[in-house]
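Grab a viewer and something to scribble on. Here are some exercises to work through at your own pace.

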Amino acid sequence: MGLPADLALLLDYARAEAKRLGHGQVVLAHVAAGLSRRNPVEFGATFGSDAGARLEALLKGLPAGKGAPEDAPELAELLQ
């Protein structure tokens, strides 16, 4: 059985972020990046005004990959 539409869209956002950044694996930080990119005002209000900068620093520390990024096992478990 597939994910509900809203979670599938969220996963698509996360995959797009991982691909844009050249990462080999889609992790929870990419989900946060997708949410931040789509609604930065609400993201900042929810997680703090410095959340974007903290998230960017976290994403910069993730390893690069080749080809299409794969979903991390814990991400699939979280979204089920």
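The exercises below go from the overall fold to the core, the pockets and a few single residues, and the model is a predicted one.

**Exercise 1. The overall fold**

Task: Work out how many helices and strands the protein chain has, and which pattern they follow along the sequence.

Solution:
- Start with the tally: the protein chain holds five helices and two strands.
- Next, walk along the sequence, and the pattern reads α-β-α-α-α-β-α.
- Now check the overall dimensions. The radius of gyration is 12 Å, close to the 12 Å that the globule rule gives for 80 residues, so the chain is as compact as a globular protein of that length.
- If you prefer a box, the C-alpha atoms fill roughly 35 × 30 × 20 Å along the principal axes.
- Turn to burial: 30% of the 80 residues count as buried.
- Finish with the contacts. Take those between residues at least 6 apart in sequence, and 64% of them join residues at least 24 apart.

**Exercise 2. The nonpolar core**

Task: Find which residues of the largest nonpolar core touch the most other members, and say which helices supply at least two residues each.

Solution:
- The largest nonpolar core has 17 residues, and those touching the most other members are Val26, Ala29, Val31, Phe43, Leu55, Leu59 and Leu75.
- At least two residues of this core come from each of helix H1 (5-21), helix H2 (28-38), helix H4 (51-60) and helix H5 (73-79).
- Zoom in on Leu59. Leaving out residues up to four places away in sequence, Leu59 touches Leu21, His23, Ala29, His30 and Ala33.
- Then look at H2, whose buried residues are Ala29, His30, Val31, Ala32, Ala33, Gly34 and Ser36.
- What covers these buried residues of H2 includes H1, strand E1 (25-26), H3, H4 and H5.

**Exercise 3. Two pockets**

Task: Describe the lining of the largest pocket and of the second largest pocket by helix and by residue class.

Solution:
- Begin with the largest pocket, which has a volume of about 220 Å³. It is lined by 13 residues, and the closest to its centre are Glu17, Arg20, Leu21, Glu56 and Leu59.
- H1, H2 and H4 each bring at least two residues to that lining, and H4 gives the most, with five residues.
- By class, the lining of the largest pocket has five nonpolar, three polar and five charged residues.
- Move on to the second largest pocket, with a volume of about 160 Å³. The lining consists of Leu28, Val31, Ala32, Leu35, Phe43, Phe47, Ala51, Arg54, Leu55 and Leu58.
- Here H2, helix H3 (40-47) and H4 each supply at least two residues.
- By class, the lining of the second largest pocket has nine nonpolar residues, no polar ones and one charged residue.

**Exercise 4. Glutamate 17**

Task: Decide whether glutamate 17 is buried or exposed, and list what it touches.

Solution:
- Locate Glu17 first: it sits in helix H1.
- Buried means under 20% relative accessible area. Glu17 has 3%, so it is buried.
- Now list the contacts. Setting aside residues up to four places away in sequence, Glu17 touches His30, Ala33, Gly34, Arg37 and Arg38.
- Pick His30 from that list: Glu17 and His30 are 13 residues apart in sequence and 5.8 Å apart in space, C-alpha to C-alpha.
- Link back to Exercise 3, where Glu17 is among the residues closest to the centre of the largest pocket.

**Exercise 5. Glutamine 25 and proline 73**

Task: Classify the exposure of glutamine 25 and of proline 73, then see how far each lies from a given glycine.

Solution:
- Gln25 is in strand E1, and at 38% relative accessibility it counts as partly exposed.
- Pro73 belongs to helix H5. Exposed means over 50% relative accessible area, and Pro73 has 52%, so it counts as exposed.
- The two residues meet: leaving out residues up to four places away in sequence, Gln25 touches Ala18, His30, Pro69, Glu70, Asp71, Ala72 and Pro73.
- For the distances, go C-alpha to C-alpha. Gln25 and Gly65 are 40 residues apart in sequence and 7.3 Å apart in space.
- Pro73 and Gly22 are 51 residues apart in sequence and 19 Å apart in space.

Notes: Residues are numbered from 1 along each chain as its sequence is written. This is a predicted model: local features need pLDDT of at least 70, side-chain atom pairs count only at pLDDT 80 or more; totals for chains, interfaces and linings use all residues. Side-chain values use heavy atoms; hydrogens and water are left out. A nonpolar core is a set of buried Ala, Val, Leu, Ile, Met, Phe, Trp, Tyr and Cys residues joined through side-chain atoms within 4.5 Å. Buried means under 20% relative accessible area, exposed over 50%, partly exposed in between (1.4 Å probe, protein chains only). Helices (H or I, at least four residues) and strands (E, at least two) are DSSP runs, numbered from the N terminus. Contact means heavy atoms within 4.5 Å. On a 1 Å grid over the protein atoms alone, a cavity is a set of points where a 1.4 Å probe fits but cannot get out, and a pocket is an open set with protein on both sides within 12 Å along at least five of seven lines; lining residues have an atom within 4 Å of a point. Grid points are joined across faces, edges and corners, and a volume is the space filled by probe spheres set on the points. Ala, Val, Leu, Ile, Met, Phe, Trp, Tyr, Cys and Pro count as nonpolar, Asp, Glu, Lys and Arg as charged, and the others, Gly among them, as polar. The radius of gyration is taken over C-alpha atoms; the globule rule is 2.2 Å times the number of residues to the power 0.38.
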